[in-house]
Amino acid sequence: MKLLFLCTHNRCRSVLCEAITRDLADGQVDAASAGSHPAGNVHPQTLIHLERRGYSTANLNSKGFEAVADFEPDAVITVCDQAAQESCPVWLDSAVSVHWGLPDPTHVSYSTQEMDETFDVVMATIARRIQRLLAEMRMDMSSEQLTGLLTRIGEEDHGTV
């Protein structure tokens with residue numbers, strides 16, 4: 001299964017999802033991320049928080065849709081509200097599309113403590129969602145079944161987000 005995580009700037013939340021999924025899935029799921037208006041670099045705190053928790057940061061970068069044009073995902077998961085409202089490239093129309101809203105840990109108004117706490121919550125939420133997906137997914141799922149599973153996971157697991 002291939003999952004593509006989208007966020008407008010592909011600088012934090014979608015990158016967190018990509019890294020955490022790759023680690024937890026251990027080859028069962030291939031993950032990538034992209035943004036409609038990529039920032040060009042991953043937020044430094046994103047890399048710091050991933051490394052602190054032992055996730056690999058190798059090959060993580062901020063990229064646009066064109067960089068994943070050949071990825072052919074089974075599911076596209078938007079993780080920021082702005083990206084959920086944007087239209088995806090036509091070549092993604094064959095993929096299941098769901099929204100897993102997550103707050104931005106790098107929001108400029110956060111203090112260092114608030115940023116760290118938000119990273120903790122967001123990363124734990126992503127990990128729980130991916131662990132649940134891995135536990136419940138089947139390779140023979142129809143698009144409708146996959147949509148239902150991903151939607152339930154996003155709706156039922158809000159953590160303290």
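The buried residues of helix α5 are covered by elements that include β3 (75-78), β4 (96-99) and α4 (112-136). The model described here is predicted.

Helix α5 covers residues 143-156. At 1.5 Å a residue, its 14 residues should span 20 Å, and the C-alpha atoms at its two ends are 20 Å apart, so the expected and modelled spans agree. The residues of α5 that count as buried are L146, L149, L150, I153 and G154. Viewed down the axis of α5, these buried residues fall within an arc of 125°, and they therefore line one face of the helix. An α-helix has 3.6 residues a turn, so residues three or four places apart point the same way. On the face of α5 turned away from the buried side are the exposed residues E144, E155 and E156.

A second site to inspect is S14, which lies in helix α1 (residues 13-25). The relative accessibility of S14 is 0%; because buried means under 20%, S14 counts as buried. With neighbours within four places in sequence left aside, S14 is in contact with F5, L6, C7, S33, A34 and V79. The side chain of S14 also makes a polar contact, at 2.8 Å, with the side chain of N10. From S14 to L4 the separation is ten residues in sequence, and their C-alpha atoms are 8.6 Å apart in space.

Definitions and conventions:
Residues numbered from 1 in each chain as written. Predicted model: local features only at pLDDT ≥ 70, side-chain atom pairs only at ≥ 80, totals over all residues. Heavy atoms only, no water. Helix = DSSP H or I, 4+ residues; strand = E, 2+ residues; numbered from the N terminus. Expected span 1.5 Å × (residues − 1). Buried < 20%, exposed > 50% of the residue type's maximum accessible area, 1.4 Å probe, protein only. Arc of directions from axis to C-beta. Contact = heavy atoms within 4.5 Å. Polar contact = N/O pair within 3.5 Å; in protein donor to acceptor, adjacent residues only side chain to side chain.
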